[in-house]
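Reader: Please take me through this structure slowly, and tell me for each term what earns it.

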Amino acid sequence: MSDFVRDMRNHKIVPDVRYRKCSGVCQYGRTFDGLSYQSRFSRDPGMMSDFVRDMRNHKIVPDVVPVPPESLLHVVYPGGLRVNLGNVLTPTEVKHVPEVSWPEAEPDAYYTLIMTDPDAPSRTAPKFREWHHWLVVNIPGLDLTKGDTLSDYIGAAPPRKTGLHRYVFLLYRQNERIYYKESRLSNRSTQGRGKFSTHKFSEKYELGLPVAGNFFQAQFDDYVPKLYRQLGHFQNAF
């Protein structure tokens, strides 16, 4: 991020970025001070990166967000298991909190991190979309240990015979430290997890566009029943 853009945001010349829909290539256009402009990707499809293409091909856009993030978020689980744009991992492999990093993170900025499953209880019948697994806000310089955890981390828990679920990580840059009026959710309950909307949450707190993202896929394995027991009556949520 350039000093120019940083100063514009810090002084709230750009307090928010909002979406609007219009016809043609402007479908994912953005507005600034009432004037519409298009992303570089929509103007020139040849410039679309593999990252953006994968986000669209796996329908992260529009199932979770209407516009793809700007860059790749680095997510690594214990054992060096990397999240990589839809690669398949097992619930056993992702049961512990991952390390999350982004080379462009600014040490004096705050960030919000969301991990969410848009395929609850299945991708073909997502009546509980989204089921969010992790929510950390006010992260200084992307130091997760110093952020405010609103929803404790819960690993992938796709029900039996529901196929692959997408697990999406999205990072937002906050304009300032925010007081979030949300309940704090533990990893011992399913309360408040379902029917979450990343897009509506970002609009509510004026987070603008996600600056980075990534995702993996997972399906049921033998660890899932153990996680269900940890969560009480989790199976009844589906």
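**Strands, burial and contacts**

Author: In this model Asp117 stands opposite Trp131 in β10. The model is a predicted one, in which local features need pLDDT of at least 70 and side-chain atom pairs count only at pLDDT 80 or more, while totals for chains, interfaces and linings use all residues. Residues are numbered from 1 along each chain as its sequence is written, and side-chain values use heavy atoms, with hydrogens and water left out.

Reader: How do you know that β9 and β10 pair?

Author: Two strands pair if DSSP finds at least two bridges between them. β9 and β10 are joined in the antiparallel sense over seven bridges, so the condition is met. On the next pairing, β10 and β11 run antiparallel and are joined by three bridges, with Val136 standing opposite Thr149 in β11.

Reader: What makes β10 largely enclosed by the rest of the structure?

Author: Nine of the ten residues of β10 are buried, and for that reason the strand counts as largely enclosed. Buried means under 20% relative accessible area, exposed means over 50%, and partly exposed lies in between (1.4 Å probe, protein chains only). Across the protein, 48% of the 238 residues count as buried.

Reader: Why is Thr116 called buried?

Author: Thr116, which is found in strand β9 (residues 110–117), has a relative accessible area of 0%, and since this is under 20%, the word buried applies. Its contacts (heavy atoms within 4.5 Å) include Val64, Glu130, Trp131, His132, Arg166 and Phe196, not counting residues up to four places away in sequence.

Reader: What makes the side chain of Thr116 a polar contact of the side chain of Glu130?

Author: A polar contact is a pair of N or O atoms within 3.5 Å, of which one must be able to donate a hydrogen and the other to accept it, and residues adjacent in sequence count only if both atoms are side-chain atoms. For Thr116 and Glu130 the value is 2.8 Å between side chains, which is within 3.5 Å, so the pair qualifies.

Reader: Why is Gly141 called partly exposed?

Author: Gly141 has 27% relative accessibility, a value that lies between 20% and 50%, so neither buried nor exposed would fit. Gly141 belongs to the loop between β10 (131–140) and β11 (148–151). Its C-alpha atom is separated by 5.8 Å from that of Ala105, 36 residues apart along the chain, and Ala105 is also one of its contacts, together with Glu106, Pro107, Ala109 and Tyr111, leaving aside neighbours within four places in sequence.

**A helix face and the cores**

Reader: How do you know that the buried residues of α3 line one face of the helix?

Author: In helix α3 (residues 50–57), Phe51, Val52 and Met55 are buried. Seen down the axis, these buried residues fall within an arc of 95°, and so they line one face; the arc is that of the directions from the helix axis to the C-beta atoms. An α-helix has 3.6 residues a turn, so residues three or four places apart point the same way. The face turned away from the buried side carries the exposed residues Asp50 and Asn57.

Reader: Which residues touch the most other members of the largest nonpolar core?

Author: A nonpolar core is a set of buried Ala, Val, Leu, Ile, Met, Phe, Trp, Tyr and Cys residues joined through side-chain atoms within 4.5 Å. The largest one has 26 residues, of which Leu73, Tyr77, Trp134, Phe169, Leu171 and Phe216 touch the most other members. Two or more residues each come from β5, β9, β10, β12 (165–174) and β13 (210–218), and β13 gives the most, with four. Apart from this core lies another, of 22 residues, among them Val65, Val168, Ile178 and Phe196.

Reader: What are the edge strands of the open sheet with the order β6-β5-β8?

Author: This open sheet has three strands with antiparallel pairing, and β6 (81–82) and β8 (99–101) are its edges, as each pairs on one side only. Strand β5 (residues 74–77) and β6 share two bridges, and in β6 the bridge partner of Tyr77 is Leu81. Runs of this kind are named from DSSP (helices are H or I with at least four residues, strands are E with at least two, numbered from the N terminus).
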